[in-house]
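Please examine the chain displayed here together with its sequence. The account after it moves from the overall fold to a single residue and then to the ligand.

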Amino acid sequence: STHRVEIKGSADAFDVADGQPILDAALRAGAWIPHSCTQGTCGTCKLKVLCGSVDHRESPEYTLTGAERADDLALACMATPQSDLVVEPTGAVDDGVPHHPLRDYLGEVVELSDVAANTRRLVVDLDEDMAFNAGQYCELIVPGHGVGRQYSMANPPGEQRRLEFHVKRTPGGLATDGWIFDSLAVGDRIDLRGPLGQFNLVHQQAEPAILIGGGTGLAPLKSIVRHALDRELVPEMYLYHGGRGRADLYDVEFFTDLAAQHEHFHYRPALSDESWDGATGLVTDVVVGDFRSCKGMSAYLCGPPAMIDAAVKSLKRRRMAPRLIFREEFTPAA
Ligand code: FAD
C-alpha cells in the first residue's frame, strides 16, 4: 500500500510505499525537500507534519528531540508515513538550483587506485547517465549488507557516465575497511543511488570563493572547481587542501597544472604535521593567515566535522557572512 504526501506551498505531491522514507520518495518523484546527510544526523530535512501521522523509525534523539516529535516535526530521511500527509519543510525549498531526480544505478568499477595514505580513487562507469549538480554525492550500497554509505562525486556534472570518488579508509569500517579497501576490484558491478545532497556552487558572487577540503573532503570541491572553471562561474577561487603529511595529499599535480592554466584559480595545499616548502599548519589557520578580511567572500567547506567547525569559526572572525558559508560534513553513519 502507498500513502500520498503533499508538500505545502508547492505543486509537489508524491506516493510513498510502505516503509519508504519520505525523502527517498520525494526525490525519486522529482520533488525537492532540503536535505544534506540522508542518515538522520544533520537535521537539514526536518519537516513539520501538518496533517497525518508518521513513524519516526530510527530518527536519533539528538537530531529529533521528544519535544520536537510532540510538536509534529519529523526527519524526512528517516520517517515513513502512517497515513496520507501534508508536510512543510523547515528549510527554504527553492534554492534557485535545478534538481535532478534520485534513481538507482548500476555501474562497473573501472579504476581503483591508492592515491594517498589510506585513500583510494574509485572510478565507476554507470550503465546509464546520471544528471547531478557539482558538489552532490551518491550512496554506494555495500554488497551483502543492503546498507549504503555516502561518497561525493569528484568529477564535474558534464561527465554523467563516469563517476569519480575519493574514499578514505575508516579502521573497522563496514564500507571502507570491509569492502572498498578489501574485496572490491576492477570489473566488479556495484549498486548505487543518487544524486543526493545540496552542497553546490549556489551563489554567483563578484567576490572570491574560498574552498577548504580536509582529506577526501577534496572530492566535491574538485567537482565544483572543474565545473566552475569550465563555465567561468566564479571570478576568483582559492582551493585549500589540508592533510597531516605529504602522504595525505593527492591530485597535487592536477591542481598545480589547473592553477597554471587559470589565472583566477589558486591552489594551496597545507600540511599540519610536516614541514615542507608549502603552507604549514592547520589548514584553517593557513587560510586565516592568507586573508585579513573575508567580507563579502563565500566559502565551501568539506571534510570531517571538527575541521568544518574550526573553519567556520575562523571565517566568521575574518568577517565572512554566515549565510555565505556552505558545508558538507562527512559525518559517520549513526
Ligand atoms: P562505518 O562502519 O560507518 O564506521 C565504523 C566505525 O568507525 C563506527 O563506530 C563509526 O562511528 C566510526 N567512524 C566512522 N567514521 C568516523 C570518523 N570520521 N571519525 C570517527 N569515527 C568514525 N567519505 C569519503 O571518504 N569520501 C567522500 O567523498 C565522502 N562523502 C560523504 C558525504 C556525505 C554527505 C556524508 C554524510 C559522508 C561522506 N563520507 C565520505 C563518509 C562516508 O560516507 C562513510 O561514513 C565513511 O567512509 C565510513 O564508512 P564505513 O562504512 O567504512 O565505516
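The paragraphs below describe the chain, one tryptophan and the ligand shell.

This is a predicted model, in which local features need pLDDT of at least 70, side-chain atom pairs count only at pLDDT 80 or more, and totals for chains, interfaces and linings use all residues. Residues are numbered from 1 along each chain as its sequence is written.

The chain contains 7 helices and 19 strands, taken as DSSP runs (helices: H or I, at least four residues; strands: E, at least two) numbered from the N terminus. Its C-alpha trace spans about 60 × 50 × 35 Å along the principal axes. The radius of gyration of the chain is 20 Å, which agrees with the value near 20 Å for a compact globule of 334 residues; this radius is taken over C-alpha atoms, and the globule rule is 2.2 Å times the number of residues to the power 0.38.

Trp179 belongs to helix α3 (residues 176–180). Trp179 counts as buried because it has 20 C-beta neighbours inside 10 Å; a residue is buried with 20 or more other C-beta atoms within 10 Å of its own, exposed with 12 or fewer, and partly exposed in between, the C-beta atoms being placed from the backbone. The C-alpha atoms of Trp179 and Pro143 are 8.3 Å apart, although 36 residues separate them along the chain.

Helix α3 also serves the ligand: α3, β11 (148–152) and β12 (162–168) each supply at least two residues of its shell. Domain 2 (103–196) and domain 3 (209–329) both contribute to this shell, so the ligand lies between them; the domain bounds come from an automatic or database domain assignment.
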